[in-house]
Amino acid sequence: MQDKAYIGNSFIDDVGFNYIREWLVKHANCKENHNYFYELTPIYNKIKLNKELTSTDELFKSLIRKENLISTTLDNISNTLSSLKIEGGLIEIREFSEIRNMLNYYFNLKKYFKGNQFKTWKKIINPIDNPKHILNRIEKIIDKDSNINPTASKELSKIFQLIQKTEIQIEEKMRYELN
């Protein structure tokens with residue numbers, strides 16, 4: 001009975017738990033966080049609570065030091081990542097862009113949590129196999145505006161040249177017909 005306490009709904013309301021949860025849901029930058037915060041309930045397990053408080057405390061101390069936390073908006077890319085496992089599967093340019101955004105966010109987090117102030121967060125961030133290689137491959141294919149790079153491959157370069165040649169021929173034909 002020593003580690004147990006009764007916490008009623010009035011206590012949860014009095015400490016502002018529901019207000020904080022609603023604020024977190026409203027300000028979540030990705031669907032996973034939105035869903036996580038929406039389903040958030042008080043923690044009664046002492047070990048889990050201490051673990052959660054340690055990671056929160058590191059972020060809180062960062063704010064006290066007036067360090068800006070990294071913020072970005074990420075889409076849910078779990079379906080995209082599942083598609084990559086299918087041999088011969090295709091993903092859209094937009095999905096490549098989302099993977100690139102996630103990788104850039106990963107690099108920013110790794111940089112941000114590099115110091116000794118974030119020991120817990122360094123342990124939480126899982127390493128990704130060859131993230132720089134993956135990012136370089138994506139950036140070879142699409143530019144910053146998510147347009148296909150016409151020189152990403154020899155075949156693609158030929159296709160773009162044919163498209164440009166066809167567009168010029170159409171334009172010349174239209175000018176001829178209009179004159």
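Which side chains meet in a salt bridge with an N to O distance of 3.5 Å? They are the side chains of Lys 173 and Glu 177. Both belong to helix α9, which covers residues 154-178. Lys 173 and Glu 177 are four residues apart in this helix, so about one helical turn separates them. Glu 177 is exposed, with a relative accessible area of 52%. Please keep in mind as you look around that this is a predicted model.

## Salt bridges

The pair in α9 has company: the count of salt bridges comes to six. Three of them are set out here, including the one you have just met.

| Salt bridge | N to O distance |
|---|---|
| Lys 61 and Asp 57 | 3.2 Å |
| Glu 92 and Arg 94 | 3.8 Å |
| Lys 173 and Glu 177 | 3.5 Å |

To find the pair Lys 61 and Asp 57, go to helix α4, made of residues 46-64. Here too the partners are four residues apart, and therefore about one helical turn lies between Lys 61 and Asp 57. Lys 61 is partly exposed, at 43% relative accessibility. Asp 57 is also partly exposed, and its relative accessibility is 33%.

The salt bridge between Glu 92 and Arg 94 is part of a wider arrangement. Glu 92, Arg 94 and Glu 98 are linked in a network of salt bridges. Glu 92 has a relative accessible area of 48%, so this residue counts as partly exposed. Arg 94 is partly exposed as well, with a relative accessible area of 46%.

## Around Ser 97

Now turn to helix α6, which runs over residues 93-112 and holds Ser 97. Is Ser 97 buried or exposed? Ser 97 counts as buried, because its relative accessibility is 10%, and the cut-off for buried is under 20%. Leaving aside residues up to four places away in sequence, Ser 97 touches Ile 142 and Ser 146. Another residue to look at here is Asp 145: its C-alpha atom is 8.8 Å from that of Ser 97, although 48 residues separate the two along the chain.

Ser 146, one of the residues that Ser 97 touches, sits in the loop between α8 and α9. Ser 146 is partly exposed, at 26% relative accessibility. Its backbone deserves a look too: Ser 146 is not a glycine, yet it has a positive phi of about 65°. As background, most residues other than glycine have a negative phi.

Where else can you find a residue that has a positive phi of about 65° although it is not a glycine? Lys 66 is such a residue, and its place is the loop between α4 and α5. With a relative accessible area of 74%, Lys 66 is exposed.

## A pocket and a patch

Helix α6 also helps to line a pocket. The second largest pocket has a volume of about 290 Å³. Its lining is made of 13 residues, and those closest to the pocket centre are Leu 84, Phe 96, Ile 99, Ile 134 and Ile 138. The elements that give two or more residues to this lining are α5 (78-84), α6 and α8 (131-141). Which of the elements gives the most to the lining of the second largest pocket? Helix α8 does, with five residues.

For a last stop, move to helix α2, where Ile 20 is found among residues 17-27. Together with Tyr 19 and Trp 23, Ile 20 makes a nonpolar surface patch of about 370 Å². Ile 20 is partly exposed, as its relative accessible area is 46%. Ile 20 can count towards a patch because its area is above the cut-off, which asks for over 30% relative accessible area.

How values were computed: Residues are numbered from 1 along each chain as its sequence is written. This is a predicted model: local features need pLDDT of at least 70, side-chain atom pairs count only at pLDDT 80 or more; totals for chains, interfaces and linings use all residues. Side-chain values use heavy atoms; hydrogens and water are left out. Patches are made of residues with over 30% relative accessible area and no salt bridge: like charges are joined within 9 Å, nonpolar side chains (Val, Leu, Ile, Met, Phe, Trp, Tyr) within 5 Å. Accessible areas come from the Shrake-Rupley method with a 1.4 Å probe; for residues, only the protein chains shown count as cover. A salt bridge is a side-chain nitrogen of Lys or Arg within 4 Å of a carboxyl oxygen of Asp or Glu. Buried means under 20% relative accessible area, exposed over 50%, partly exposed in between (1.4 Å probe, protein chains only). Contact means heavy atoms within 4.5 Å. On a 1 Å grid over the protein atoms alone, a cavity is a set of points where a 1.4 Å probe fits but cannot get out, and a pocket is an open set with protein on both sides within 12 Å along at least five of seven lines; lining residues have an atom within 4 Å of a point. Grid points are joined across faces, edges and corners, and a volume is the space filled by probe spheres set on the points.
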